[in-house]
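Student: Please take me through one part of this model closely. Then connect it to the rest, with the numbers.

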Amino acid sequence: MGDARVQNFGIKITGSGSAVPATCLDNQVLTQLVETSDEWITTRTGIRQRRLASFDESLTTLATVASRQAIAASGITPGDLDLIVLTTSTPDDLFGTACQIQAQLGATKAVAFDMTAACSGFVFGMVTAAQFIRGGVYQNVLVIGADILSRWVDWQDRGTCILFGDGAGAVVMQKSETSDRLLGFELKSDGTQNHYLNLPYKGESQQLAADINVTKGTYQPITMNGKEVYRFAVLRVPEVIDKALFHANLSVEKIDWLLLHQANQRILDAVAQRLNIPDSKVISNLAQYGNTSAASIPLALDEAVRSGKIKPGDIIAASGFGAGLSWGAVIFQWGREKE
Ligand code: UT7
């Protein structure tokens, strides 16, 4: 562990898992909270329902269920894990939640930490994990994307409350000595547009002693300029996928599945159209779950793997985008070698 010598190992992505809360909120019930309609939400977003975490559910419980499935599917045990990367914007504890998941899993050998890149989190997490594996530092890494945005939604803001849901997804990434199935990636950030999508801390100055002030407050509900985020996504996501494909030395026709962050069906359709990818290759489950932030890509991936849609060897172009602003794409081949 921690050997600094540069080596180059391949990566295989060998198991997935996911979990969503039991409580379901459909568009019809939302009309009791804000002035909206099932018709407006469905035609503008494609979302029909979303799952919401109840009081006795937590990020830790959802992420642990998803992680157990991913570990079992990959054929390893929690004790084999070297690293757990939890991507989330909604930790149970601001000091980090990954260690609680490590404890729940009994992954005693694993180092665990949180990382935040909002809805791009899972893609950023996969790429981060890949660096540890490539360098020969770690062999077995669990990457989790999990969010409970319902904690931070303003349930009186119809521009945002219709979009978000809660969930968790996870994958196991492993060292491979025979092939490399993480084919290419590209990550981007632009903080100058940060104001388009925020979950900001706001506080007030509190005087402790003469000339000594601290700030006390809390995080404020999500605010978003939907039109600008929409514009950004439709422009930047095809671009970043093109770059990742270039690094992978692949043409767009080689993609079996386009797996975008599940934000809005219109964004999925527009990106696919710009890239010239047919609808039949676009993975979409946002009708059932809405936008689950860092969870959306691994949740959709896991469903598609379990339903038999995604098969070992299939090439997937995954792209996350959102607050930061941040966006990124990773091209990978599903499953272990010779299945
Ligand atoms: O992870 C990344 C997270 N964010 C996103 O992906 C968001 C990207 N943006 C979007 O998905 C879309 O911009 C929204 C779905 C948020 C909004 O759709 P839009 O087509 O951009 O609608 P709009 O904001 O331009 O609003 C059109 C109209 C407005 O009324 P007026 O001004 O034309 O009279 C809104 O007030 O629709 C109204 N409106 C609603 N009406 C019924 C906004 N929200 C609602 C609503 N129900 N929930």
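Tutor: Start with Leu325. This residue lies in the loop between strand S14 (315–322) and strand S15 (326–333). The model is predicted, so read every angle below as a property of the prediction. The peptide bond that leads from Gly324 into Leu325 is cis. Its omega is near -10°.

Other loops also hold backbone angles to check. Which residue between S10 and S11 deserves a look? Take Asp211, placed in the loop that links strand S10 (201–209) to strand S11 (212–219). Asp211 is not a glycine, yet its phi is positive, about 65°. Its relative accessibility is 77%. The cut-off for exposed is over 50%, so Asp211 counts as exposed.

Ser293 is another case. The loop between H8 and H9 contains it. Its phi is near 55°, again positive in a residue other than glycine. Is Ser293 buried or exposed? Its relative accessibility is 4%. Buried means under 20%, so Ser293 counts as buried.

Next comes H9 itself, residues 296–306. Of its 11 residues, 9 are buried, so the rest of the structure largely encloses this helix. The buried set runs Ser296, Ile297, Pro298, Leu299, Ala300, Leu301, Asp302, Ala304 and Val305. Note that Asp302 is in that set. After H9 comes Gly308. Its phi is positive too, near 90°.

Two residues of H9 lead on to Ile283. Ile283 sits in the loop between helix H7 (265–275) and helix H8 (286–289). It is buried, at 4% relative accessible area. What does Ile283 touch, once neighbours within four places in sequence are set aside? Its contacts include Ala300 and Ala304, both among the buried residues of H9. Leu268 is another partner. So are Trp257, Leu258, Leu259 and Gln262. Ala300 and Ala304 are joined by Ile310 in the contact list.

Now cross the chain. Ile283 and Gln104 are 179 residues apart along the chain. Their C-alpha atoms are separated by 31 Å. Gln104 falls within the residue range of helix H4, 98–105.

Which residues of H4 are buried? They are Ala98, Ile101, Gln102 and Leu105. These four cover an arc of only 105° around the axis, which puts them on the same side of H4. That buried side packs against helix H3 (59–74). It also packs against strands S4 (83–87), S5 (111–115) and S6 (140–148). Gly106 follows H4, with a positive phi near 75°.

The H3 side of this packing can be seen from Thr64. Thr64 belongs to helix H3 and is buried, at 3% relative accessibility. Beyond four places in sequence, its contacts are Ile101, Gln104 and Leu105. Of these, Ile101 and Leu105 appear among the buried residues of H4. Thr64 also has a marker further back: Gly17 is 47 residues away in sequence. The C-alpha atoms of the two are 9.7 Å apart.

Thr97 belongs to the loop between S4 and H4. It counts as buried, with 0% relative accessibility. Leaving out residues up to four places away, Thr97 touches Leu59 and Thr60, which fall in the H3 range of 59–74. It touches Leu86 as well, within the S4 range of 83–87. Asp114 is another contact, within the S5 range of 111–115. Pro91 and Asp92 complete its list.

Finally, set these parts against the whole chain. The secondary structure comes to 9 helices and 15 strands. Why does the radius of gyration fit a compact globule? With 339 residues, such a globule would come near 20 Å, and the chain has 20 Å, so the two agree. The C-alpha atoms fill a box of roughly 55 × 55 × 40 Å along the principal axes. Buried residues make up 54% of the chain. Take contacts between residues at least 6 apart in sequence: 77% of them join residues at least 24 apart. The accessible surface is about 14900 Å², and carbon and sulfur atoms account for 50% of it. On charge, there are 29 positive and 34 negative sites, and their mean positions lie 5 Å apart.

Definitions and conventions. Residues are numbered from 1 along each chain as its sequence is written. This is a predicted model: local features need pLDDT of at least 70, side-chain atom pairs count only at pLDDT 80 or more; totals for chains, interfaces and linings use all residues. Side-chain values use heavy atoms; hydrogens and water are left out. The radius of gyration is taken over C-alpha atoms; the globule rule is 2.2 Å times the number of residues to the power 0.38. Buried means under 20% relative accessible area, exposed over 50%, partly exposed in between (1.4 Å probe, protein chains only). Contact means heavy atoms within 4.5 Å. Accessible areas come from the Shrake-Rupley method with a 1.4 Å probe; for residues, only the protein chains shown count as cover. Lys and Arg count as positive and Asp and Glu as negative; His and the chain ends are not counted. The place of a charge is taken as NZ of Lys, CZ of Arg, CG of Asp or CD of Glu. The arc is that of the directions from the helix axis to the C-beta atoms.
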